[in-house]
Amino acid sequence: MSNTNHTNTSDKLSPEMFEKLKRDSVIKDEAGRKSLTAWQDIRQRLVSNKLAMTGFWIIVFIAVAAIFVPIISPHDHFTNNLTNTNQPPNASHWFGTDDLGRDVLERTWKGAQISLFVGLMAALIDLILGIIYGGIMGYYGGKVDEVMNRFAEILYSIPYLLVVILLLVVMEPSLTTIIIAMSITGWINMAWIVRGQIMQLKNQEYALASKSLGAGAMRIIFRHLIPNAMGPILVTLTLTVPNAIFTEAFLSFLGLGVQSPVASWGTMIDDGVKAMSIYPWRLLFPALFLSLTIFAFNVFGDGLRDAFDPKLKK
Amino acid sequence: MLRFILSKFMFMLLSLFLLVSATFLLMNAIPGSPLQSEKATSEAVQKNLEAYYGLDKPLYVQYGTYLKNLLQGDMGISMKKKFQSVDKMIANSFGPSLRLGLTAVVTSVVVGCVLGMIAAMHHRKLLDNLAMIIAVIGMAIPSLVMAPLMQYYLAFKWGIFEVAGLDKPMDYVLPTIALASGPIAFIARLLRSTMIEVLNADFIKTAKSKGLSGYVIVVRHALRNSMLPVVTYLGYLTAGIITGSVVIEKIFAIPGIGKYFVQSVIDRDYPLIMGITIFYAVILMVTRFLADVAYVLVDPRMRAGGKGAK
């Protein structure tokens with residue numbers, strides 16, 4: 001690869017024959033096109049997808065607002081103010097107030113915090129359990145895979161809503177309970193994705209090379225195989241979030257989730273429905289932001305999938 | 001093929017058995033007894049009550065009794081609604097839920113397939129974009145947002161529909177839209193992407209070169225070959241509709257099982273919770289099993305005796 005033109009037959013090698021390359025000098029691609037790493041390529045495809053980027057910016061907006069609005073806002077989400085109930089949106093309460101005089105803007109963004117927290121936690125737990133379980137299933141294969149897969153299948157065949165509701169009966173309804181309940185069956189999908197990926201990757205040369213150098217199973221799985229399976233894992237993760245957010249809102253709406261005075265979009269929609277004929281803003285704002293969030297995560301996840309696997313894009 | 005169906009069937013029974021056992025154990029793990037109340041009862045009365053309800057026996061005996069009764073369709077009596085048997089309550093409230101659920105399932109499949117078909121036929125043209133915009137909206141707006149909004153505008157403000165209830169055929173429109181919008185979007189996208197692939201297959205080219213018209217090709221040749229993923233989805237669709245109906249029944253005040261289910265959890269009415277849980281589980285697992293069987297019947301590769309692919 002050096003620039004020396006003569007590669008012939010002098011008996012002695014002298015230092016002049018070699019040209020030192022600088023440590024980070026790049027060998028130019030002959031076609032003149034900048035070579036892109038896989039991740040740059042993916043990012044380029046993602047950025048050029050307008051719908052996905054819209055979703056991305058909505059997520060950023062909602063996350064930033066969820067963090068900062070409750071800090072900046074002069075109101076808080078739980079103090080009742082009975083002289084100021086059911087005010088329509090105005091200068092001091094941009095989204096109006098509810099039946100206890102609480103600021104709907106403040107509560108909407110407190111609800112956003114809960115939704116995003118639930119979404120992230122559910123995704124994180126799914127990720128950890130799914131990678132460990134799926135990684136082991138896929139790597140070892142054979143009997144181990146069969147037994148573990150059967151177990152996952154049985155768990156998966158139990159309807160998700162029933163597990164969640166049963167757990168909520170046994171444990172107190174709270175945020176933790178919701179997250180635990182969602183995690184019990186939530187990770188299985190991720191485990192299957194990881195399993196499929198690992199099965200494909202484990203016979204690749206680099207995995208074999210690592211194995212022949214004496215690396216253990218755990219090292220091969222987590223150092224070599226998982227990073228290469230990151231695409232499908234990330235996509236699954238992104239699409240887990242809107243489901244988790246919806247489930248939390250759904251349970252809170254039914255009165256089985258987050259309890260008052262904590263604000264959640266689900267409880268706010270429940271309250272809003274009861275009052276919608278007279279005070280529609282109490283329904284409008286939580287409903288709007290719940291839909292926006294779910295929409296944003298879905299289109300972003302779709303875009304991510306297309307970016308990782310352009311073949312899938314139709 | 002028979003072996004595949006049989007193994008799926010055994011699998012269903014096993015899952016069901018596990019769920020029943022888990023439910024029983026969970027309900028027994030909860031501290032407190034249904035016979036406790038604020039009113040002081042004497043020791044003797046308490047003992048008598050326990051003996052009457054069989055609660056003095058060891059857990060495995062109670063479990064055995066429970067299983068035996070369950071097989072005979074006896075799910076015990078409700079704790080909140082005095083002297084009403086759980087199976088009667090379920091039977092009485094199943095009607096509206098079933099009618100609404102079936103309407104929603106049929107609507108989802110028909111409308112979803114039509115949308116997906118239109119989108120695939122006009123790939124990358126106006127109609128495709130239009131159908132996919134509808135699909136994205138349907139996916140994004142959750143039922144618990146869509147239902148109240150429709151109720152507010154279409155029923156309360158403009159008076160086109162009744163606000164609540166499920167008596168006239170017109171009353172089905174709003175709850176069905178709310179329940180079916182998500183699945184419609186999903187099926188449309190699913191069918192579209194499979195059908196685009198199928199439409200590029202050789203046998204479609206053959207059909208075209210025979211001079212068949214576009215619609216005949218799509219309906220007679222492409223649709224059948226694109227239906228497989230939709231068939232697989234049917235089991236999950238049922239689960240989604242049942243889940244959704246819990247919310248929709250609450251919003252539209254429909255006296256179905258979903259409403260009872262939520263109420264039973266809030267009331268901590270254990271026999272009713274267990275009864276409805278098992279009832280739902282049976283419906284879901286049976287539909288999932290039927291979807292598996294349908295899959296084998298539809299897919300010629302499976303009929304040939306191939307091993308069930310995951």
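Q: What is the secondary structure over residues 94-291 of chain B, and how far apart are the end C-alpha atoms?
A: In this predicted model, residues 94-291 of chain B are 82% helix and 0% strand, and their end C-alpha atoms are 22 Å apart. The stretch was picked out from a record: UniProt, in an unreviewed entry, gives it the feature "domain: ABC transmembrane type-1".

Q: Which residues of chain A does UniProt list for "domain: ABC transmembrane type-1", and what is their helix content?
A: The unreviewed UniProt entry lists residues 112-301 of chain A. In the model that span is 84% helix and 0% strand, with 19 Å between the end C-alpha atoms.

Q: What makes the secondary structure of chain B what it is, in helices and strands?
A: The count for chain B is 13 helices and zero strands. Read along the sequence, the pattern is accordingly α-α-α-α-α-α-α-α-α-α-α-α-α. The C-alpha trace of chain B spans about 90 × 55 × 30 Å along its principal axes.

Q: Which residues of chain B carry the annotation "transmembrane region", and what is the helix content over residues 230-252 and 272-298?
A: The unreviewed UniProt entry places the feature at residues 98-118, 130-152, 172-191, 230-252 and 272-298 of chain B. Residues 230-252 are 96% helix and 0% strand, with the end C-alpha atoms 29 Å apart. Residues 272-298 are 100% helix and 0% strand, and there the end C-alpha atoms lie 38 Å apart.

Q: Which residues of chain A carry the annotation "transmembrane region", and what is the helix content over residues 51-72 and 232-258?
A: The regions in the unreviewed UniProt entry for chain A include residues 51-72 and 232-258. Residues 51-72 are 100% helix and 0% strand, and their end C-alpha atoms are 31 Å apart. For residues 232-258 the figures are 81% helix, 0% strand and 32 Å.

Q: How do you know what span to expect of helix α3 of chain A, and what span does the model give?
A: Helix α3(A) (residues 104-140) has 37 residues. The expected span is 1.5 Å times one less than the number of residues, which for α3(A) comes to 54 Å. The model gives 53 Å from the first C-alpha to the last, close to that expectation. Just after α3(A), A:G141 takes a positive phi of about 60 degrees.

Q: Why are α2(A) and α3(A) called oblique to each other?
A: Helix α2(A) (residues 50-72) packs against α3(A) at an angle of about 125 degrees, with the axes 8 Å apart. Roughly perpendicular covers 65 to 115 degrees and roughly antiparallel begins over 145. The angle falls in neither class, and the pair is therefore oblique. The crossing is left-handed. Among the contact residues are A:F61, A:A66 and A:P70 of α2(A), and A:E106, A:W109, A:K110 and A:Q113 of α3(A). By class, the contact has twelve nonpolar, one polar and two charged residues.

Q: Why are α5(A) and α1(B) called roughly parallel?
A: Helix α5 of chain A (residues 160-170) and helix α1 of chain B (residues 2-29) pack at about 15 degrees, their axes 10 Å apart. Angles under 35 degrees count as roughly parallel, so these two helices are given that name. Their crossing is left-handed. A:L162, A:L166, A:V169 and A:V170 of α5(A) meet B:L19, B:T23, B:L26 and B:M27 of α1(B).

Q: What residue classes make up the contact of α5(A) with α1(B)?
A: The contact of α5(A) with α1(B) consists of seven nonpolar residues and one polar residue, with no charged residues. Thr is outside the nonpolar and charged lists and counts as polar; B:T23 is one of the contact residues on α1(B).

Q: Why is α1(B) described as roughly antiparallel to α12(B)?
A: The axes of α1(B) and helix α12 of chain B (residues 270-298) come within 10 Å and cross at roughly 165 degrees. The limit for roughly antiparallel is over 145 degrees, so α1(B) and α12(B) qualify. The crossing is right-handed. The residues in this contact divide into 20 nonpolar, three polar and two charged.

Definitions and conventions
Residues numbered from 1 in each chain as written. Chains lettered and ligands numbered in written order. Predicted model: local features only at pLDDT ≥ 70, side-chain atom pairs only at ≥ 80, totals over all residues. Heavy atoms only, no water. UniProt positions renumbered as here; feature names shortened; annotations may be inferred. Helix = DSSP H or I, 4+ residues; strand = E, 2+ residues; numbered from the N terminus. Axes fitted to C-alpha atoms, helices over the stretch in contact; angles between N-to-C directions. Left-handed = near helix turned anticlockwise from the far one by under 90°. Contact = heavy atoms within 4.5 Å.
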